[in-house]
Structures are given as structure tokens and as C-alpha cells.
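Biologist: Please take a close look at the salt bridges in this model. I would like one connected account.

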Amino acid sequence: MYARVIQTTCVGRIGARASRHFAARLGPSGIRLRGLQTQSPLDACQATKEEDVSLRDIFDLPTKTTLGSRWFHQGQPTGLLMESRFVSPKLLLQSGKEAIAEAEALVQKVLNAETAAERRTVIKCLDQLSDSLCRVMDVAELVRQVHPDSSWQNAADEVYAGMFSYMNQLNTHVGLYGKLVEVMDDHEISCTFSPVEREVAMSFRRDFERSGIHLPKDAHAHFVGLSSDIQESSRGFLKSQSLPPPSDRAVAVPVDHLRSLPSQVSMHILQSSSTRKRADGTAVVDLVLDEYAAHYILRDCADDATREAVYRAWQFGSTAAVDTLETLLEQRRALSHLVGFESFGHMALEDKMAKSPSHVDEFLRGLATQAQPKWNTAINALHRVRSKTRQGSQQMFPWDRDYWMSKQQMDKGALPSLHSYFSLGRVVLGLSRVFKSLYGVELRAASPQPGEIWHPEVRKLEVVDEDGKLLGLIYCDVFSRSSKAHVGAAHFTARCARRIDDDVEVSVASAPHSSRTVVERDGQRFQLPVVVLICDFPVPVEGSPSLLSWSNVETIFHEMGHAMHSMLGQNGFHNVAGTRCPVDFVELPSILMEHFARSPHVLSLFASHYKTGAPLPLELVTKHAERRREHAAFDLHAQLFMSALDQRYHSPVLDPAGTGDGGWSTRSLIELHKDAMFSEGPGTSFFGHVEDTQWQSRFTHLIGYGASYYSYLFDRVLAGQIWDRVFHGDQPQQQVVGNPLSRLAGERFKNE
């Protein structure tokens, strides 16, 4: 059970959630890297073909023949993400100190604002202050997750910790809050605010008030301390995900039980595990599980006992992670009580569309009621498959789910795989074509400069409009490697689009905006937005590109939806740019992109065999889609359960037994399994809790989406409605087959 995105940004509203054109030239493999110069109409068609090849090849060819290694190793380093202050760990540390100094100067500007002109700049100062912190904190967070060099990681840890502590002080700064209220309550000033500026001001005010700004001095200090403790617990929980399981949790798997696994998987297990013989002569491997091996054993191993043992060992998780999680949840509850809320859930939802936990519960139960017949139908279908080969008890358990789902598919006949039609380069090319059709923007391959990327496998894309103007940069760290944290698929905002030509001048040297990190539009200057996408796709090798499953295609479409949100959601202010929007809607553009990834109309734009160029047969797409729909109910069940568990963990009563000892998060999980929402029908044992497992130890979305995980389902419902009503999907609408690539529909979605 998982969700596709981890949105990583600074926490809190102050320090909130915290251009170079290349001339046409040949890269080391002969790939033409086009610049952004104006092209004549006669050259446009040929240029488009060359750009398509470049975009496809930088993802499909091995790194040594593309853009990574030469620019990664040679020349004077330009700095990570084209920021000259991020050239070395030492300068990264220095940049943190300079950002705090700049922020402090802006704080003084706000506090000393007396004249009408000075007070009119208060909102701008606060937004500028937030950006100055996030431009360092967000990069530090990225470095902690993806940089392979421990010296960089250590520097990033130190920078993030110091800046977070400072940011906490700002979020509870009585003087800043007082000046903000003074300005907002002055009608002569506030009436001149633009709608966006007014929303920025309101967001600052709400977050100040949610940060205990009215508390007495001692309680205020306690709030600041709790906030720091919550951050440390959150980091501890995420770090625990990268720790290998203890060797004493190894599972003894008979070698014969590996025969039904794909050959490369069984080879991986045999090479990475010790082998021995039991007293009866049976050869076994002592398998220390990872997600890769667990997935294939649960899907392909025919032996019930082996699947059960693997499931129990994998889902046991980490007791240390559970302890850290429970500490975190208790800290959140204490924080919410300190500022007068009944629970952290009530605190988190106050300014969301849902407004209260009771409304979220009503929403989830309504979906569960609608989904129950689909769950029952899907489970009964698996029972029928099982009954053909198994006699006796028809009871099924969680470790049976993937195996019998796979058998059900096999009984209907194996379908040709879609992987060969989905090379990563072709998929990215398809995304560019989708964005061009909908929004008039496209992706261009670009060459990174020395020191601009943190690993040779990272790919750089420019986002340009129809006039060839640069809108932003996307760095794609999408290939599997051991030096990346296990964050799954993720979107990092490294720098937001923000207007800078009207910045407030301060007495200290501010971070420089070079020509490479600034764009001009309509006579105004803006920061160039930068996002980083993280995935875990196969590395291309000679003769074979990175081939994706259809699910992988949905993943990259989803993450690119976040990226395009950052590129197109530019309004002049850091604090409400792109994905820095209410959590109710942050997943909407990305989930909508999953609909495009499933559309035959869209797939026809790019899906072709990587060897022959043959287009993906439409009938094969239809058959795969029918197979996927058979098990869609199980994914919905998982999402509902995670959403409900998140709400339960942030409710007024954390410990259902009231014992006050450790392990209460597991008891709470067990109680949820007994809830009528999940305990009725034939799926009780199929979905039920397994004794001595701690699935919650892997629920990492509790960090970024505490009390708000329901937003995935909320946005899924909204995205479905928008797909049908705005883009018309691939369904007939008023006797006309809808075109999901309509520019009119794209502009309507972007602007409304």
C-alpha cells in the first residue's frame, strides 16, 4: 500500500514548505542539443524532429553516451541547480548562514515599517523572507535524500536543522504577527492588495495564529520546543525506512520454492543470501527481505507457508520506527492541545475544505459504502479461481492476495507485455506532446554544466513556451541507484517562481540572482522555477532502454503533473506558487495526469515498440485496461484504509485500550480493521490484520500528510469529474467522441 508522491517542501508558512540558453551543438553521442533561439518556419518541422530525438535519447541511451558523465566531471563547477553558492558542502553551510542573515534583515524591515509606503511592502517582505529561507532549505532537503556524497549529506543535515530552528522562531514571532495584523486591518493599505497578495497575507495570518502566537511566554516556548521535537521525530521516522532489516528476521525459503519466480529474481536472491541444508537435506536460503524479493515471492510462489512467512517478516517492519511514530503522534497531539484544538486532526483540517474530522469520516464512509459491492465481487472472483485447484477451506489471507490475483490473470491467458512500447524516452516525449497540446509548452533536452547535477544519471529538461521562452527547469533523477534514499516517486520544489524586480532592498548581501536563474516576462523579472523528480526506474544499458510498466507510465505522468503545476502556477509570490497550494488540491493536477496516461488517444502519441517502431495496438491497450479494472477495487480499499488510519492516528484518543504503554499504534490499527467500514462481507480475513505485524511502520505519508491523507481520494474524485466534464476523456459527449488533448480544455483547466 502506497501513494505515488511525497511532496517535499519547507514546513511552516515563513520559510514556508520553504537561465541559460544553449546554442545548438552536438553532445558526446552526436545528440543535437538545440538552443532556444528563434527558428524560421522552413526549419520548424526538421527542428521538431531533432528535438524529439534528443528528448527521447537522453533517457533511452546509457549515460556514457548521453549528457551526464562529461559535464558531471569536467570543468569549473557551476553549482548544484545552477546556484553558484552550492558548489561545495562548505559553501552550502555558508549559504544557510547568509540566508538567515538576509531573513533577519527583512524581519527588521517589517518591524520598523512606519510610513504608508513602508507598511505597503510588509506582505512582500514576508514573502521574500520565506523565499530566502526556502531556496536553501529545500535544496538541503533534496541533498539529504539524493546526493551520493556523505559530506554533502552531513552539511545538508546541519543546514536544515539550523534553519528549521530559526524558522520556528519566526513562525511564533509576536512582532511580525502584530505588524501583519496592523497592515491587514488598515483599509487604506489592504484595499490596494491584489487578490493573490490578499491570499498570501491571509495565509501568513492563519499560520501565525495556528502557531500559538497568542500563547503566554512559557506556553509559547513550549510550542516552539514541540515543533522542533516533531521535526526531529519526523526525520527519525523517515531515516528508519532506509535501515536494512535485522539479520535475525531472515526467512528460511526452500530453494525449490524460488523456481516459479522470474529467473532474474531468483538469481538475485541466491546471490544475495546465504544457502544451507536442513537436517532433512532440503536446501534453503536465509533471505533478509527487501521489497523487490518480497513482491515477487508473494506474487509468484505457490507455497502458502512460504508466502505467509515472507508476508509476516516483511510486514513486521521496524519496532524502532513504530516507537518513533508513536512519539511523533503524541507530540502532534500535545501541540494541538496547546493551541486549543481537540486533536491534531481538528487543527490540521480547520482551514481545509473538509473543515473537520467528522466531515472526512463521512466522506470516507460514503466511498466505502459505494465500494463494498466491488470489493465483494473482486474477492468472490478470486475465491472461484482458488476453488479450481484447492480443496477444503476457502478462507483467504493477505498473503494470498497477490498470488491469486496473478493466477486469475494467468487463467484468462497471458497478454503480451506493454513494456516494450514504453521506453522511458518515448514516454517523456509523449508528455511533452501532451503539454504542448494542452498548454502550449514543451520539454527540451538540455546539457547540465559541471557541478550542476549530483550524479551522472540525472537528466535536465527545459520547459519552454510556444515562443521558445524558458519557463523553468526539471531535473530528473529517475534511475535506480543505491545512493538514493528510499522515498519512492517524489517531487521536490527546489526553487519557486517569484517576481524579484520589485524586491525590498536590505542592508546585507542577499543571494545573487544570476542571468541563468532569472527570466523576464512583460518587463518584469522572475526567479526561474526548478523542480526535481525522483523515481526508481531501470537503468538503460547498451541495446536496451529503460522499459516501463503501464503503472510506471502512470507514475511518471503523475510526477510530471506536479512539475507542470510548478511551471504554470506562477503568480508572482513564493508562498502560493505552484504546488504550494492547499493540501486538498495539491494532488489534483498529478492525479488528472494519470487519466491521460490511461487514454488510448494519448498513448497513440508516443507508445511504439522500442526496436521496431510499431505502434502500440489499441486492442492490446483495451485488454490490459479490462484486466486492471478487475483489481481496481483493491487499490481503492488500500487508499481508504490508509486515509482512515491517518484520521484515527490524529484523533482525540490515540490509545484505544488506554493503557498508556507502547504499541498503541498497532492496537489502533487492529481496531480499525474491526470497523464496519472494513469488516463486513467476504473480505474480512483477506484484508484483515495479521498478528505480530506492524504495517504502520512503513506509512511514510504520515509525515507530509498528517491528518490529510484523505486528499488523495478527494482529489481522485475531483480529477475524475474534471476528466469527464472538461476533457471529455475518450467517451462520447453529445454524440461526439471527446478529445482529451483539446487546447481549449487545457486552458480552461489551467485558468479556472
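Modeller: The salt bridges come first, then the strands and the core around them.

This is a predicted model, in which local features need pLDDT of at least 70, side-chain atom pairs count only at pLDDT 80 or more, and totals for chains, interfaces and linings use all residues. Residues are numbered from 1 along each chain as its sequence is written, and side-chain values use heavy atoms, with hydrogens and water left out.

The structure holds 50 salt bridges. A salt bridge here is a side-chain nitrogen of Lys or Arg within 4 Å of a carboxyl oxygen of Asp or Glu.

Start with lysine 124 and aspartate 503. Their closest N and O atoms are 3.3 Å apart. Lysine 124 sits in helix α5, and aspartate 503 in the loop between β10 and β11 (518-521), so this pair ties together parts 379 residues apart in sequence. Helices (H or I, at least four residues) and strands (E, at least two) are DSSP runs, numbered from the N terminus. Lysine 124 is buried at 9% relative accessibility. Aspartate 503 is partly exposed at 23%. Buried means under 20% relative accessible area, exposed over 50%, and partly exposed in between (1.4 Å probe, protein chains only).

Salt bridges with shared partners join Lys124, Asp131, Arg498, Arg499, Asp501, Asp502 and Asp503 into one network.

Now aspartate 286 and arginine 276. This salt bridge has its closest N and O atoms 2.8 Å apart. Aspartate 286 is in strand β6 and arginine 276 in strand β5, 10 residues apart. Both ends are partly exposed: aspartate 286 at 21%, arginine 276 at 36%.

The strands themselves are paired. Four bridges join β5 (residues 274-277) to β6, and the two run antiparallel. Pairing requires that DSSP finds at least two bridges between two strands. Arginine 276 stands opposite valine 284 in β6. Valine 284 is also the bridge partner of proline 254. Strand β4 (residues 251-254) runs antiparallel to β6 (residues 283-287), again with four bridges. In the hairpin of β5 and β6, five residues lie between the strands, and glycine 281 takes a positive phi near 90°.

A third salt bridge joins arginine 459 and glutamate 457 at 3.8 Å, N to O. Both residues are buried.

Helix α5 returns in the largest nonpolar core. That core has 69 residues, and α5 supplies the largest share, 13. A nonpolar core is a set of buried Ala, Val, Leu, Ile, Met, Phe, Trp, Tyr and Cys residues joined through side-chain atoms within 4.5 Å.
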